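Here is a small set of exercises to work through with the model open beside you. Try each task before you read its solution.

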Amino acid sequence: MSYHRFVVLGDSCAEGLDDPYPDQRAYRGWADFVAARLAEDEPGFRYANLAVRGRRLDQIVPEQVPAATRLEPDLVALFGGGNDVMSRGWDARTVARRVDAAIRACTDISPVVVTFTLSDVSRRMPLGRRMRPRIVALNDAIREAAVSYGALLIDLWPDQAVTDSRYFGDDRLHLSTHGHRRLAAYVLDRLGLEPDPAWLAPLPGVAAPGGRRADLHWLLHEVLPVAVTRTRNRLIGRQPGDGFFPKRPELLPMTWDEAWAPGNA
């Protein structure tokens, strides 16, 4: 099956953090890779990415779904929920309702919808075990809604790559280029297209060892600045994602050379 109008919704993981284009003009990520591959089979293919970093599911639906509806997609990908997991006032039932509403809304506007569970951050982050029950609850809700509304599910929870730091950026949360290529391969496979085998092949060598010094560096240079920013935003009434805009708000052509030109690896 070929697709003509591919629209991506979600948060920073859908936007493409931490996989910047070499010229730093924007983040690339798994969705750009998927779009470039889909464009090979359809000369009239167009791709839009409405994702905004920091957004929760209850923000994605009212902000991004109406814009996606106007684009009349025949393929939608929704990657969200991570910011709900990290938000204050977590309530599993509330988030389950948000998941249900988001996936239902996507299936209302597109015949094919792809959605994702989150991987197990507790396996790569100190103190990550505290977040594990929340992620389990979110993933259960995503699986249930995917079945209820007929969405295609990419289940990242069992992926063993979660233990290899090379698949993630310095914050240990967002995917690196290797991680985005791996995720793109999962999406293409779920859509019935053969991905580049190299994207799923084990990385050569071994990841750099962790340890207390690496964990301390991560806490000081990645976690602490985010915590300070979130605290300041709460004090001034600023929401995560405020001031940021979608990188690709309109349906535009996408070429393989654009996403994977020499030097873009």
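**Exercise 1: Ala137 in its surroundings**

Ala137 is partly exposed, its relative accessible area being 26% (buried means under 20%, exposed over 50%, partly exposed in between, with a 1.4 Å probe and protein chains only). Before going on, note that this is a predicted model, in which local features need pLDDT of at least 70 and side-chain atom pairs count only at pLDDT 80 or more, while totals for chains, interfaces and linings use all residues. Residues are numbered from 1 along each chain as its sequence is written, and side-chain values use heavy atoms, with hydrogens and water left out.

Task: Find the element that holds Ala137 and the residues in contact with Ala137, leaving aside neighbours within four places in sequence.

Solution:
- Step 1. Ala137 sits in helix H6; helices (H or I, at least four residues) and strands (E, at least two) are DSSP runs numbered from the N terminus.
- Step 2. Once neighbours within four places in sequence are set aside, Ala137 is in contact with Trp90 and Ala92, where contact means heavy atoms within 4.5 Å.
- Step 3. For a sense of distance, take Arg5: its C-alpha atom is 32 Å from that of Ala137, and the two residues are 132 apart along the chain.

**Exercise 2: Asn139**

Task: Decide whether Asn139 is buried or exposed, and list what Asn139 touches.

Solution:
- Step 1. Asn139 also belongs to helix H6.
- Step 2. Its relative accessible area is 1%, so Asn139 is buried.
- Step 3. Not counting residues up to four places away in sequence, Asn139 touches Thr117, Leu118 and Trp157.

**Exercise 3: Salt bridges**

Task: How many salt bridges does the structure hold, and what does the pair Asp120 and Arg132 tie together?

Solution:
- Step 1. The structure holds 15 salt bridges, each being a side-chain nitrogen of Lys or Arg within 4 Å of a carboxyl oxygen of Asp or Glu.
- Step 2. In one of them, Asp120 pairs with Arg132, with 3.3 Å between the closest N and O atoms. Asp120 lies in the loop between strand E4 (113–116) and helix H6 (132–149), and Arg132 lies in helix H6, so this pair ties together parts that are twelve residues apart in sequence. Asp120 is buried at 4% relative accessibility, whereas Arg132 is partly exposed at 35%.
- Step 3. Now turn to Arg104 and Asp100, whose closest N and O atoms are 2.9 Å apart. These two residues are four apart in helix H5 (residues 92–109), so about one helical turn separates them. Arg104 is partly exposed at 36%, and Asp100 is partly exposed at 24%.
- Step 4. Finally, Asp58 and Arg56 form a salt bridge with closest N and O atoms 3.0 Å apart. Arg56 is buried at 16%, while Asp58 is partly exposed at 33%. Arg56 and Asp58 are linked with Asp84 and Arg98 in a network of salt bridges.

**Exercise 4: The whole chain**

Task: Why does the protein chain count as being as compact as a globular protein of its length?

Solution:
- Step 1. Start with the elements: the protein chain has nine helices and six strands.
- Step 2. Its radius of gyration is 18 Å, close to the 18 Å that the globule rule gives for 265 residues, so the protein chain is as compact as a globular protein of that length. The radius is taken over C-alpha atoms, and the rule is 2.2 Å times the number of residues to the power 0.38.
- Step 3. Along its principal axes, the C-alpha trace spans about 50 × 45 × 35 Å.
- Step 4. Of the 265 residues in the protein chain, 48% are buried.
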